[in-house]
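Colleague: I would like to go through the labels on this model one at a time. Please give me the value and the cut-off behind each.

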Amino acid sequence: MRLEIIPVLGMPEVRPGHDLSRLLMAAVRSSGIHLEDHDVVVVTQKVVSKAEGRMVPVGEGGKAAWVERETVRVVARRGDLVIAQTRHGFVCANAGVDASNVPDGFVTLLPEDPDGSARRIKAAMEAATGRELAVIVTDTFGRPWRHGLVNVAIGCAGLPALVDLRGTQDAGGRPLEVSVVALADEIAAASGPVMGKAEGVPAAVVRGLRAEGPPLPASALVRLGDEDLFPYSPVSEPLQ
């Protein structure tokens, strides 16, 4: 398998109420990209949130008030940084509330239903092109045991977010026992270098992927309940 990651250039500033799929198609065409079957369109959470009206004024209480509204469980807190679980099940900094690449005095919140957002974009772009596509909505998350941020999938449509390799054989013929691959996260991370925050490139096309298995949403990536071995940090404290 050989993957090609193509940045989608020329996207205008996205505002609440904009038809994001139409803007993406226009930018794909202006970038000289001819979509093919099985292409994966990767788009950042920020433009999805803006188009869906999830850009909100900071208002009274500032960003911290929005973090509290979007939080269902505080995992850890240190100074102004809150690691929180959202109602989607995501565990991330400040419950996904973000002030980057938005006008002064505003923040963006995560989409209400990122998988639903991916499905709608997929349907619209397939109708416009006649191609069989997949769509991933990404956000940047930190990781508890490693420095730095990485793109992960918060929404997925048209491909399996997880690929279960258990029961198959490795290159030496030994059966795999625990290998479940977070395919959507791998694609999201691979798209990151062409979609940096400073470059203002909110979308990319990943070409060459051949994913086996039925489509599975990004919500399948979330560990909940008894599967979460680290529900709280020793430094956790309630929001004030």
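**Labels and their reasons**

Modeller: The protein has 5 helices and 12 strands. Keep in mind that this is a predicted model. Buried residues make up 43% of the 240 residues. Of the contacts between residues at least 6 apart in sequence, 66% join residues at least 24 apart.

Colleague: How many aromatic pairs does the count give?

Modeller: The count comes to 1 aromatic pair.

Colleague: What makes the pair of phenylalanine 90 and phenylalanine 141 edge-to-face?

Modeller: The ring centres are 6.1 Å apart, and a pair needs centres within 6.5 Å. The planes stand at 70°. Edge-to-face calls for an angle over 60 degrees, so the label holds for phenylalanine 90 and phenylalanine 141.

Colleague: How do you know that the pair links distant parts of the chain?

Modeller: Phenylalanine 90 is in the loop between strand S5 (81-85) and strand S6 (91-93). Phenylalanine 141 is in strand S8 (residues 134-143). They are 51 residues apart.

Colleague: Why is phenylalanine 90 called buried?

Modeller: Its relative accessible area is 7%. Buried means under 20%, so phenylalanine 90 qualifies. Phenylalanine 141, at 11%, is buried too.

Colleague: How do you know that the charged end of arginine 69 sits over the ring of tryptophan 66?

Modeller: The charged end of arginine 69 is 4.3 Å from the centre of that ring. The distance cut-off is 6 Å. Tryptophan 66 is also one of the buried residues of helix H3 (residues 62-70). The others listed are Gly62, Ala65, Val67 and Glu70. What covers the buried residues of H3 includes strand S3 (55-57), S5 and strand S7 (106-108).

Colleague: What makes helix H1 oblique to helix H4?

Modeller: Helix H1 (residues 20-30) and helix H4 (residues 114-129) pack at about 50°, with axes 9 Å apart. Roughly parallel needs under 35 degrees, and roughly perpendicular starts at 65. The angle of about 50° fits neither, so H1 is oblique to H4. Their crossing is right-handed.

Colleague: Which residues of H1 and H4 meet?

Modeller: From H1, they include Leu20, Leu24 and Val28. From H4, they include Ile121, Ala124 and Ala128. In an α-helix, residues three or four places apart point the same way, because there are 3.6 residues a turn.

Colleague: How do you know that leucine 133 is buried?

Modeller: Leucine 133 has a relative accessible area of 3%, and the limit is 20%, so the label is buried. Leucine 133 is in the loop between H4 and S8. It touches Leu35, Glu36, Asp39, Lys122, Met125, Glu126 and Gly158, leaving out residues up to four places away in sequence. The C-alpha atoms of leucine 133 and aspartate 37 are 6.0 Å apart, with their positions 96 residues apart along the chain.

Colleague: What is the phi of asparagine 94?

Modeller: Asparagine 94 has a positive phi of about 55°, although it is not a glycine. Most residues other than glycine have a negative phi. Asparagine 101 also has a positive phi of about 55°. Asparagine 94 is in the loop between S6 and S7, and so is asparagine 101.

Colleague: Why is asparagine 101 called partly exposed?

Modeller: Its relative accessible area is 46%. Partly exposed lies between 20% and 50%, so asparagine 101 takes that label. Asparagine 94, at 14%, is buried, because buried means under 20%.

Conventions
Residues are numbered from 1 along each chain as its sequence is written. This is a predicted model: local features need pLDDT of at least 70, side-chain atom pairs count only at pLDDT 80 or more; totals for chains, interfaces and linings use all residues. Side-chain values use heavy atoms; hydrogens and water are left out. Rings of Phe, Tyr and Trp (its six-membered ring) pair if their centres lie within 6.5 Å; planes under 30 degrees apart count as stacked, over 60 as edge-to-face and the rest as tilted. Helices (H or I, at least four residues) and strands (E, at least two) are DSSP runs, numbered from the N terminus. Buried means under 20% relative accessible area, exposed over 50%, partly exposed in between (1.4 Å probe, protein chains only). A charge sits over a ring if NZ of Lys or CZ of Arg is within 6 Å of the ring centre and within 35 degrees of the ring normal. Axes are lines fitted to C-alpha atoms, for helices over the stretch in contact, and angles run from 0 to 180 degrees between N-to-C directions. Angles under 35 degrees count as roughly parallel, over 145 as roughly antiparallel, 65 to 115 as roughly perpendicular and the rest as oblique. A crossing is left-handed if the near helix is turned anticlockwise from the far one by less than a right angle, and right-handed if clockwise. Contact means heavy atoms within 4.5 Å.
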